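Open the model in your viewer and keep the sequence panel beside it. The tour goes from selection to selection, and each stop says what to look for.

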Amino acid sequence: SSGINAAYGEFQTFQHYFKQINLRAMSSVAGRKVAVVLSGCGVYDGSEVHEASAVMTHLSRAGAEVSIYAPDKDQFHVVDHTSGSEMSEKRNVLKESARIARGKVSALDGIVTADHDAIIIPGMN
């Protein structure tokens, strides 16, 4: 019981510390220009939707000026997300990324890195 209480106490300390770091990081994002680079739309054949939307939501709420980019090329492979099997059809990465970006996505080859304070690529594991 005392071991569990000690571990829980350490967890609470860590959680408090993480929240403080997160608050400082978020406040430093306000007014910054951040590019988010997507790779399509889909956990198996593009950017994972939850990760990408979470990044964009948090950046927007923190006051960052977010621009979204994606390569304008065909996907390497297209996956049926209901079965996990590869499909023979072709899809464009930029057009698929527009699903997450709600249409507001630019071609990656047009990015000017000097115009951004940070570039984030969600889901790069």
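The stops below run from the whole chain to the sheet, the core and two single residues.

**Before selecting anything**

This is a predicted model, in which local features need pLDDT of at least 70 and side-chain atom pairs count only at pLDDT 80 or more, while totals for chains, interfaces and linings use all residues. Residues are numbered from 1 along each chain as its sequence is written, and side-chain values use heavy atoms, with hydrogens and water left out.

**Stop 1: the whole chain**

Show the protein chain as a cartoon. Three helices and six strands make up its secondary structure; helices (H or I, at least four residues) and strands (E, at least two) are DSSP runs, numbered from the N terminus. Followed along the sequence, the pattern is α-β-α-β-β-β-α-β-β.

Now switch on the surface. About 8500 Å² of the protein chain is accessible, and carbon and sulfur atoms account for 53% of that; the areas come from the Shrake-Rupley method with a 1.4 Å probe, and for residues only the protein chains shown count as cover. Of the 125 residues, 26% are buried. Buried means under 20% relative accessible area, exposed over 50%, and partly exposed in between (1.4 Å probe, protein chains only).

**Stop 2: the sheet**

Select β5, β2, β1 and β6. These four strands form an open sheet in the order β5-β2-β1-β6, with parallel pairing. The edge strands are β5 and β6 (118-120), each of which pairs on one side only. Two strands count as paired if DSSP finds at least two bridges between them.

Next, zoom in on β1 (residues 33-37) and β2 (residues 65-70), which are joined by five bridges. Select Val-36 to find one of the partners: its bridge partner in β2 is Ile-68. On to β5 (residues 106-107), which has two bridges to β2. Here Ala-70 has Ala-107 as its bridge partner.

**Stop 3: helices on the sheet**

Add α2, which packs on the sheet and touches β1, β2 and β6. The direction of α2 makes about 170° with that of β1. Then add α3, which also packs on the sheet, touching β2 and β5, with its direction at about 150° to that of β2. Axes are lines fitted to C-alpha atoms, for helices over the stretch in contact, and angles run from 0 to 180 degrees between N-to-C directions.

**Stop 4: the core**

Which residues touch the most other members of the largest nonpolar core? Select Leu-38, Leu-59, Ile-68, Ile-100 and Val-105, out of 17 residues in this core. A nonpolar core is a set of buried Ala, Val, Leu, Ile, Met, Phe, Trp, Tyr and Cys residues joined through side-chain atoms within 4.5 Å. At least two core residues come from each of β1, α2 (49-61), β2 and α3 (93-101). The largest share, four residues, is supplied by α3.

Keep Leu-38 selected and show its contacts (heavy atoms within 4.5 Å). Beyond four places away in sequence, Leu-38 touches residues including Ala-52, Ile-68, Val-93 and Ile-100.

**Stop 5: two single residues**

Select Ser-67 in β2. Ser-67 counts as partly exposed because its relative accessibility is 23%. Outside its neighbours within four places in sequence, Ser-67 contacts Val-34, Ala-35, Val-36 and His-116.

Last, select Arg-102, in the loop between α3 and β5. Arg-102 is not a glycine, yet it has a positive phi of about 55°. Is Arg-102 buried or exposed? Arg-102 counts as exposed, because its relative accessibility is 76%.
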